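Colleague: I would like to go through this model feature by feature. Where should we begin?

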Amino acid sequence: MPSAGAFTAVTARRSFDQRSEPEHAQPASTASHGSTSGPTNNTDRGKRDWPPSVRSYVQRSFAEENILPDVGWKEMETKLKQVISHSVAAGTLTSEDWDNLPLPQMMIQEERRRGPSPPVSDSLLISTLRETNEAKSKKRKSSDLDLADEATPRIVPWNQPKSRNVFESRITYPENRSRNGLSPEKGSSKFTQVLDGRKRRFENTTPGSSSVRPWRSSASQEPSSKQAEGPIVGRCQDLEKKYFRLTSAPNPDTVRPLHILEKTLDHLKRKWKQERNYFYICDQFKSLRQDLTVQRIKTGFTVNAYEIHARIALEKGDLGEYNQCQTQLRALYAQNLGGHPTEFVAYRILYFLHTSNRTDMNDVLADLTPAEKQDKAVKHALDTRSALALGDYHRFFQLYLDTPNMGAYLMDMFVARERLAALCAICRAYKPHVKLRFITEELGFESDDESARFICDHGAQQYLEERDTGVFLLTGKALNFFDPALTAASARPDSKAYV
């Protein structure tokens, strides 16, 4: 009989089929899972990754179009840091509506206008905001629990039927605002507690109990009497008043009402015809426009006042004031308040020809209606643009001599440039010389003396030759002489200088 060994024999496994896992495998898996969680947490503690909404908020704060002249850069940067730091401390960095949050410079202006607000402790603010976040998270969890009801069969996403509203599952209905599937009855303690907390947050009985952010003063929570009253109504009876840039809320005692402004406009028209003092008239019209703006008067009288000021500025070559009037007139014309919209559309086309602004020109052409294209002034402006695009200087100067309304004042600003371009074309096309009279007629000069003076002003007097049959321009010798002058004249004007 063989003797028993010191070990128990085990049958060797002859296949790779593993039907059951050992019991000790689970702790190993758990241990390995626990060991891998450490580096993940350490990685999360690295450099903060700011949400895109916060980055966009910072970019909008420092954008050039949002910079306010009365708010310093350092002051705005301090306020921005205060807003973001408070949001980080309160834990609302990702839940805050950064797209609709006022910019720091607007908060500073609001604080200045409202005056100092009652102090609010940081700890109270943080605790209040945390309480708000907890209430929000409870609502989200309750909606998630409602969706995960055990009675509802689980369907994989690729087998779900298409719904007309893909966000319907995210809607939280009033009757489902509960936790752990409990109905929000008035008698439940948790529901009552949430309502009481919400009521305390929105009550402003005392400065300490209100949930006010540090960048929003408590005074801004209550509508002021000035806001409730709406636009002011002036009480000043003076016809003439100097223009002063507003640095505070307008005083009704220094603002003229509408019936006085109507008398002021008639008075200014008479003064302009008699004295022609542009600096005085411009100052008075700016004061009149300011009184219309602070009283929010937008009527046919407003359109008339802006049109008259724009025409006077155009006559004196003041493109800055003309541009301001033109911008306001576009908004007023959109409200169908009357006036002469087609006249100023033609001015806009000619102005963009002067500034060589093709982008805005394309926008104007795209907005034109068939009726506007048939208007005499608009048709003339479109023909002028077409002649320049084709290089047809003969047609251009014919249109220049027959410009309707006050468009000639705008064409005068770039006619010298087009005369140089025409001279370059003539020197290449006509050799060896042409009569000065031909240049006078082709380039829209009033006399031979004026055309000769134009050529001499550009340093080409040596190419003028007087003969028995008249004065000639030696085009063969002046072949490329006018090219540098044309290049300098074709430099795009700085349109920002006119605004």
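Modeller: Begin with helix H20, on the face turned away from its buried side: the exposed residues there are Asp-449 and Asp-457. Keep in mind throughout that this is a predicted model.

Colleague: Which residues of H20 are buried?

Modeller: H20 spans residues 448–457, and its buried residues are Ser-451, Ala-452, Phe-454 and Ile-455. Viewed down the helix axis, the buried residues of H20 lie within an arc of 155°, so they line one face.

Colleague: What do the buried residues of H20 pack against?

Modeller: Two helices and two strands: helix H18 (415–429), helix H19 (436–442), S2 and S3. After H20 comes Gly-459, which has a positive phi, near 80°.

Colleague: S2 and S3 bring us to the sheet. How is a sheet read in general?

Modeller: Strands of a sheet pair through backbone hydrogen bonds, and the pairing is either parallel or antiparallel. Here the sheet is open, its three strands run in the order S1-S3-S2, and the pairing is antiparallel.

Colleague: Which strands stand at the edges?

Modeller: Strand S1 (434–435) and strand S2 (464–467) do; each has a single partner strand, so one side of each is left without a neighbour in the sheet. S1 pairs with strand S3 (residues 470–473) over two bridges in the antiparallel sense. For one residue of that pairing, take Lys-435, whose bridge partner in S3 is Phe-472.

Colleague: Now the charged side chains. How many salt bridges does the structure hold?

Modeller: The count is 20. In reading one, check the distance between the nitrogen and the carboxyl oxygen, which has to be within 4 Å. Then look at where the partners sit in the chain and at how much of each is accessible.

Colleague: Which pair shows a link between distant parts of the chain?

Modeller: Arg-289 and Glu-321 form a salt bridge with an N to O distance of 3.2 Å. The two are 32 residues apart, with Arg-289 in helix H9 (residues 278–294) and Glu-321 in helix H11 (residues 319–333).

Colleague: Are Arg-289 and Glu-321 buried or exposed?

Modeller: Arg-289 counts as buried because its relative accessibility is 9%, under the 20% cut-off. Glu-321 is likewise buried, at 8%.

Colleague: What does a salt bridge inside one helix look like here?

Modeller: Take Glu-307 and Arg-311, whose closest N and O atoms are 3.8 Å apart. These two residues are four positions apart in helix H10 (residues 300–315), so about one helical turn separates them. Glu-307 is buried, with a relative accessible area of 2%.

Colleague: And a pair that is partly exposed?

Modeller: Arg-467 and Glu-465 form a salt bridge at 2.6 Å, N to O. Arg-467 is partly exposed at 33% relative accessible area, and Glu-465 is partly exposed at 30%. Elsewhere, Lys-241, Arg-256 and Asp-291 are joined into one network by salt bridges that share partners.

Colleague: Finally, how does the whole chain read?

Modeller: The protein chain has 21 helices and three strands. It has 499 residues, of which 32% count as buried. Among contacts with a separation of 6 or more, 64% come from residues 24 or more positions apart. The chain exposes about 32,400 Å², with carbon and sulfur atoms supplying 52% of that area.

Notes:
Residues are numbered from 1 along each chain as its sequence is written. This is a predicted model: local features need pLDDT of at least 70, side-chain atom pairs count only at pLDDT 80 or more; totals for chains, interfaces and linings use all residues. Side-chain values use heavy atoms; hydrogens and water are left out. Buried means under 20% relative accessible area, exposed over 50%, partly exposed in between (1.4 Å probe, protein chains only). Contact means heavy atoms within 4.5 Å. Accessible areas come from the Shrake-Rupley method with a 1.4 Å probe; for residues, only the protein chains shown count as cover. Two strands pair if DSSP finds at least two bridges between them. The arc is that of the directions from the helix axis to the C-beta atoms.
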